[in-house]
Amino acid sequence: MCIRDRSTWGELKIQIMQIFWLLAVAFVFPVFCDEAGATRNYPIAVFHGISDECSSDWILDFVHYLSSELNTYVRCIEIGKGAISTWLMTIEEQGKEACEKLKMDSHYNGDFSIVGLSQGTIISRYVLQKCDMKGTPRRFISVGGPIMGVSALPHCEKGPFCSVVNMGLFDFVYSSLFQTFLAPSAYFRDPRGSGGFNDSGVLLLDLNNEGATRNQTYVKRFLGLDWLVLIKFESDTMVIPKETSWFQAYDTEFNVTPLKSSRFYKEDLLGIRTLDEAKRLYLFSLPGRHLEFNIGDIDNYFVPYLKNWEEETTTEEEPKNRRRRLYTLDNPAEF
């Protein structure tokens, strides 16, 4: 007959219980906290600009820094074959592929944030406005984005040569050849009267709700954002005019129309006026050229607007970091 040592068995039971509780703390408790959503930051989808790719060093560094600072999942969504596809795939094709890739990544089945860089802001807007998926974009940061279109070739705004080239481009950019084989043609804006952008039928005309038919789904999805952050660069010559990054565009005389004076804002075509009146629109201007930002800029103008602040705020008070607006639309001289 085998007699079990009761003291040894008692110690074994204690060790088993300790292991059980360690497993519970390691796996069950974090899941519970995630569901409660008290401190978890939303996963982030990053879309890079033209001639770039997710494997470039600076994009990898940017993604890693956001992930480490916010302790959340961050992924750069690559489209097609990288840099070459940013030119030769239509924006519509790029947007559809971005949508499908997000659908296949379970991290984006719930609320998530989007950061768009340059042309990546247009892809971001396709996802926000046209992608039907389980998840819902809640924060959108547009960085140096041509979100109101570009009206000149990069680095070629002024001078006799640039004037001739740009005017010639206006006559051909809306042709099927350009629209099929040159991605930026989808957001090229001819500010002249009839026959220009307003009659072009290009994708940006649709995304901006500037066409004859108003898409209320687009408005609803913009108003579903917790907030919208628009960043422009003071010495930007890549997107012309640079104010396009703040939803501003040239008038027929090639003067930048203040946002508050524009039909786009007054008629609230996308809900931007509503977001502004609700203090959910943030406009920042950074020194430097196109996409020239540093760690300090990320800390000041990216991280606070990608972070959840539920534990630090009440319904009557916004988080301190969210109050730092460099500009306000109440200043008509700027807007």
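This is a conversation between a visitor and a guide about the structure shown above.

Visitor: What should I know about this model before we start?

Guide: This is a predicted model, in which local features need pLDDT of at least 70 and side-chain atom pairs count only at pLDDT 80 or more, while totals for chains, interfaces and linings use all residues. Residues are numbered from 1 along each chain as its sequence is written, and side-chain values use heavy atoms, with hydrogens and water left out.

Visitor: How many helices and strands are there in the protein, and what makes a stretch count as one?

Guide: The protein has 13 helices and six strands. Helices are DSSP runs of H or I with at least four residues, strands are DSSP runs of E with at least two, and both are numbered from the N terminus.

Visitor: Why is Asn 209 called buried, and Ser 51 partly exposed?

Guide: Buried means under 20% relative accessible area, exposed means over 50%, and partly exposed is in between, with a 1.4 Å probe and protein chains only. Asn 209 has a relative accessible area of 1%, so Asn 209 is buried; Ser 51 has 46%, so Ser 51 is partly exposed. Buried residues make up 47% of the 335 residues in the protein.

Visitor: Where do Ser 51 and Asn 209 lie, and what is said of their phi angles?

Guide: Ser 51 lies in the loop between β1 and α2, and Asn 209 in the loop between α8 and α9. Phi is near 65 degrees for Ser 51 and near 60 degrees for Asn 209, in each case a positive value in a residue other than glycine.

Visitor: Which residues is Ser 51 in contact with, and what makes something a contact?

Guide: Contact means heavy atoms within 4.5 Å. Leaving aside neighbours within four places in sequence, Ser 51 is in contact with Ala 83, Thr 86 and Trp 87.

Visitor: What makes a set of residues a nonpolar core, and which residues have the most contacts inside the largest one?

Guide: A nonpolar core is a set of buried Ala, Val, Leu, Ile, Met, Phe, Trp, Tyr and Cys residues joined through side-chain atoms within 4.5 Å. The largest has 55 residues, and those with the most contacts inside it are Phe 47, Leu 102, Phe 222, Leu 228, Phe 247 and Ile 272. The largest share of this core, five residues, comes from helix α5 (residues 120-130). A second, separate core of 31 residues includes Tyr 65, Val 115, Tyr 282 and Trp 309.

Visitor: How do you know that α5 is largely enclosed by the rest of the structure?

Guide: In α5, 10 of the 11 residues are buried, so the helix is largely enclosed by the rest of the structure. Its buried residues pack against β1 (44-47), α4 (91-103), β3 (111-117), β4 (136-143), α8 (203-207) and α9 (216-223).

Visitor: Why are α4 and α5 called oblique to each other?

Guide: Axes are lines fitted to C-alpha atoms, for helices over the stretch in contact, and angles run from 0 to 180 degrees between N-to-C directions. Angles under 35 degrees count as roughly parallel, over 145 as roughly antiparallel, 65 to 115 as roughly perpendicular and the rest as oblique. The axes of α4 and α5 come within 9 Å and cross at roughly 60 degrees, and the two helices are therefore oblique to each other.

Visitor: What makes two strands a pair, and in which order do the strands of the sheet stand?

Guide: Two strands pair if DSSP finds at least two bridges between them. The open sheet of six strands has the order β2-β1-β3-β4-β5-β6, with parallel pairing. Five bridges join β4 to β5 (residues 227-233), and six join β5 to β6, so both of these joins meet the requirement of at least two.

Visitor: Why are β2 and β6 called edge strands?

Guide: The strands β2 (74-76) and β6 (281-286) each pair on one side only.

Visitor: How do you know that β6 is largely enclosed, and what covers its faces?

Guide: Six of the six residues of β6 are buried, so this strand is largely enclosed by the rest of the structure. Both faces are covered, with Leu 281, Leu 283 and Ser 285 buried on one side and Tyr 282, Phe 284 and Leu 286 buried on the other.
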